[in-house]
Amino acid sequence: ISASFSDPDGDALSHAAATSNAAVATVALSGTDLSVTGVGSGAAAVTVTASDPGGLSASQSFAVEVAAPAPTIVTVTPNTAMLTAIDQTVRLSADVHDQLGRPIAGAAVVWSSGDTNVASVDTSGLVTALANGNATVTARAGDVSDSASIVVSQTAAMVEVTPSTHTLATGDTVRLVATATDANGHVVADAAFGWTSSDTAVASVDSLGLVRGLAEGTATITAAGDGSAAGVEGMAEITVLPPPPPPPPPDLTGTYFLESLVGTSTSGTLLTRPTVSGTLELTQEAPTGDAATGSYEVDITTPALTIADEGTFTVRTDGSWRQTGQVSGEGMYATSGDTLTLAITEPETAVSTTVWVMGTAPVPGTWRGLVVAPEVRCSDYDPEQYRHPAGLEDAVAAELGDRFYEAYTGVYYDHPRDVQVDHIVAKREAHDSGGCAWAPSLRRAFARDLENLALASPRLDLGLKAGNDAAEWMPDFNRCWFAGTIVAVRLKYALTVDEAERDALEAVLANCDSTEMILTAESWTIEAITLGDESGWQAVSPHEADLDGLGVASHMAAFCTPTSASVDFAFVAGGARLTGSIEDYESGRLRYTSRVNIEWSTPPPRTLDLITAHQDPRWETWTARLGRTPRDAFIDGLIQDRQRVFVTWRLDESDATVAYEGGTGARETIRDILQRCTGGDGDVATLLSGLARDPTAIRARP
């Protein structure tokens, strides 16, 4: 401060300094050096006084402002960290410095994570791994911050194979599942594995862990980790048992009487049915393994000719039949209780199916317990004597669970006014089959018997069914139930059956597995399709919407076996069918078919703009199925990049168009399905080329 004061006389000066607020700043003098020290934030005035020896003085003042320490620099350490297990932690620290670069002890720091799905951080800077990925963890003090880069990348610490031990028979398979876990026991989701067998002669394993027993022995199946699971492996012990011996065929020894016959004789003569009679004597020897031999004698009488034959036969557990005699041939046999069915398929000149019943010969002139006789009207038919009370629609619906269901078509109706009561055995037909001799009370009982009543659309009687019998009218749907009910009702009331109706009923019943009524579904859901389930389905492009409010769910799925593959659309609708024509029934069951249009967002390599949809009562769902040639063309189009296919389903109410996604996702999914079921490798076209045929069974499920 020496330059701040002067004395005209040149006298030496003395100095003093004072502060107005010692809590803000203090002062100290050392000679002419003035030191001001900030003590607390705020303002103060510092006054310096100079005095000469004579007592004269002069003063100067200046203002001092002290600022608080402010965070100016934050440093996070470590600035990078790699976490290799979920729930693994790392401690971060943050050093805070003020404007002068001095550390600020106890500075407030706020921690945050840029991706809380990957890593979390608590108030003390402890970081915890939550999922694979990258996250930036930031420490903020005031207006300044610093961050650390956190990488979470699980590394497998162990591999577990389940089941760890398994016993299977030669030829059987088991699916092994390998699971990699990190050091904290969390599953490493993207782990890949290579599968090997210690003894490929005993058990083989494919690239997806499917083990097949090949021969008796023990093999160790190893799943070696790859990628994030590299360096670790898990094992399972597989014991393969020898295949069990095949069961012997049933003993067919006995005397059988002919119930029905379909076929042609060796001379090509058509063998009519069931106006035939016959006996079959079988004597079977003790079986050897899955086969047994024996001798037969058969006599069959038809209106066209008489057949007498004897010879030997061989039967096997798999249902095969071979006979050597005047009529030699081979085919299949089946037993059910006392009934034996023989279907001879080779040679073609002697194709036949015979149904034999062990025990008492059928009464001549009867069929399935019914007397076969021409219709006779022994008295006038008076419909008033067969009148039934009004309101029976509700009683019939009650038998069907309070549903107004037309079994003839499989259609549900909303109100009793939409249907009418129909007599399955028509009242006029019953009258001419024995009812003409009934008392009026029995006629009234017959007219209201619920066993003989069904619900039908009012238009059914308009020249379609009326008073006709089964030889003149059959429903398109539920034929087995319809034919079985006619036989049951006629037996109940001791009604006769004429030859034409008998033949028509037998043509249906001979191919029926059951005579129960088939109820179509009123509402539907689609079961989830998962990769590798036992049905073999995998969804390629699921569609969850309800098709513009029409109540329809739809999906496209692929199915594959080692020799066949199909791409199917399966969808279902409450009470609605696709419109289309009715094909001839197969095995007593009808199919409904429809041709539907498809369009492509990207033109496919091969033109395909129509597919065919089927509904079979056994499936109870619509399935649009592609044959081999359109299947390959469809897949070629579907797997084009950024592809979408638009299918227009024609429903009774209106049309509904669904967009199914194709492209690379569909290509990889279909390739995976084909590799899984064939065990082959290559692109989709290569894998498809090795498949010989399409499966015969549709596996869509409601």
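Does Trp438 count as buried or exposed, and at what relative accessibility? Keep that in mind for the third view; everything here comes from a predicted model.

**View 1. Four strands side by side make an open sheet.** Reading across, the strand order is 7-14-13-10, and the pairing is mixed. Strand 7 (80–83) and strand 10 (110–113) sit at the edges with a single partner strand each, so one side of each has no neighbour in the sheet. From one strand to the next, the twist averages 20°. As a bit of background, strands in a sheet pair through backbone hydrogen bonds, and they can do that parallel or antiparallel.

**View 2. Zoom in on strands 13 and 14, which run antiparallel.** Nine bridges join strand 13 (residues 133–141) to strand 14 (residues 144–152). Look for Thr136: standing opposite, in strand 14, is Ser149.

**View 3. Here Trp438 meets Tyr493 in a tilted aromatic pair.** Their rings are 5.6 Å apart centre to centre, with 45° between the planes. Trp438 is in the loop between helix 2 (427–432) and helix 3 (440–447), while Tyr493 is in the loop between helix 4 (479–492) and helix 5 (499–509), so the pair ties together parts 55 residues apart in sequence. Back to the opening puzzle: Trp438 counts as buried, because its relative accessibility is 12% and the cut-off for buried is under 20%. Tyr493 is buried too, at 13% relative accessible area.

**View 4. More aromatic rings get together elsewhere, out of ten aromatic pairs found in the whole structure.** Tyr381 and Tyr386 have ring centres 5.5 Å apart and planes at 35°, so this pair is tilted. Both of these tyrosines, Tyr381 and Tyr386, are buried. Tyr408, Trp473, Trp481 and Phe482 form one aromatic cluster.

Note on methods: Residues are numbered from 1 along each chain as its sequence is written. This is a predicted model: local features need pLDDT of at least 70, side-chain atom pairs count only at pLDDT 80 or more; totals for chains, interfaces and linings use all residues. Side-chain values use heavy atoms; hydrogens and water are left out. Two strands pair if DSSP finds at least two bridges between them. Helices (H or I, at least four residues) and strands (E, at least two) are DSSP runs, numbered from the N terminus. Axes are lines fitted to C-alpha atoms, for helices over the stretch in contact, and angles run from 0 to 180 degrees between N-to-C directions. Rings of Phe, Tyr and Trp (its six-membered ring) pair if their centres lie within 6.5 Å; planes under 30 degrees apart count as stacked, over 60 as edge-to-face and the rest as tilted. Buried means under 20% relative accessible area, exposed over 50%, partly exposed in between (1.4 Å probe, protein chains only).
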